[in-house]
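Take a look at the model below. We will walk through its strands, one unusual peptide bond and its cysteines.

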Amino acid sequence: MNFTQDERVCLFIDGANLYSASRNLGFDVDYRNLLGFFRARCNVIRAYYYSAVLDTEEYSPLKPLTDWLAYNGYTLVTKAAREFTDQNGRRRVKGNMDIELAVDMLDLAPRMDHAVLFSGDADFRRLVEAVQRQGVKVSVVSSIRTTPPMVGDELRRQADQFLELVDIAPEFTRRQTEPRPRPVRASPTEHIESGPIA
């Protein structure tokens with residue numbers, strides 16, 4: 001891994017994407033250890049976590065996580081997910097945080113040396129390129145060891161450094177779960193769609 005103690009680093013975590021990748025690979029993320037892992041290697045000035053949330057009175061399994069993150073070193077960026085019925089009459093929820101993540105990364109580019117993007121979404125390729133033009137190194141954290149791969153090839157090639165999630169996960173794994181044979185739902189709410197991975 002290419003990090004130095006003096007570089008100013010921001011983490012940008014696409015919550016739905018990281019959740020999907022980690023579940024697919026059979027582990028849960030310990031966010032305290034994840035932040036500690038990067039703080040031990042560089043000067044983390046911000047850690048953002050992006051997630052769409054259902055604005056209902058029903059209990060959301062995402063709520064304890066977002067509450068914990070907000071009080072433990074993360075800047076939480078959320079918005080209400082949109083509920084709709086698809087052509088087959090099934091209830092769906094869609095919540096895409098790409099714009100929020102892109103705006104924050106571009107806004108912080110003049111004040112950071114290195115951006116770490118936790119997402120494999122190929123839609124971020126142009127964002128990575130734009131931030132690199134401002135002199136910022138960009139590392140992408142995702143996985144090519146899933147079927148299909150969780151990271152878009154264009155995004156992986158654009159990044160200055162690709163970090164395979166499987167290789168660094170032992171540093172911040174909370175507990176082992178059964179490996180999944182195929183990708184599962186996109187977020188802890190079990191039904192929020194964040195758009196295509198690649």
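Helices and strands here are DSSP runs, numbered from the N terminus; a helix needs at least four residues and a strand at least two. With that in hand, find Pro 148. It sits in the loop between strand E8 (137–142) and helix H6 (153–158). Look at the peptide bond that leads into this proline. The bond from Thr 147 to Pro 148 is cis, and its omega is near -5°. Keep in mind that this is a predicted model.

Now turn to the strands. Start with E1, which covers residues 8–14. E1 runs parallel to strand E3, residues 43–53, and seven bridges join the two. One place to check is Arg 8: its bridge partner in E3 is Asn 43. E3 also pairs with strand E4, residues 75–80. This pairing is parallel too, over six bridges. Here Tyr 48 stands opposite Thr 75 in E4.

Next come the cysteines. How many disulfides does a search of the whole structure find? It finds zero. Why does Cys 10 form no such bond? The closest cysteine sulfur to that of Cys 10 belongs to Cys 42, and it is 9.8 Å away, so it is too far for a bond. A disulfide needs the two sulfur atoms within 2.5 Å. The view from Cys 42 matches: its closest cysteine sulfur is in Cys 10, at 9.8 Å, too far for a bond.

Are these cysteines buried or exposed? Cys 10 has 0% relative accessibility, so it counts as buried. Cys 42 has 3% relative accessibility and counts as buried. The cut-off for buried is under 20%.

Methods: Residues are numbered from 1 along each chain as its sequence is written. This is a predicted model: local features need pLDDT of at least 70, side-chain atom pairs count only at pLDDT 80 or more; totals for chains, interfaces and linings use all residues. Side-chain values use heavy atoms; hydrogens and water are left out. Two strands pair if DSSP finds at least two bridges between them. Buried means under 20% relative accessible area, exposed over 50%, partly exposed in between (1.4 Å probe, protein chains only).
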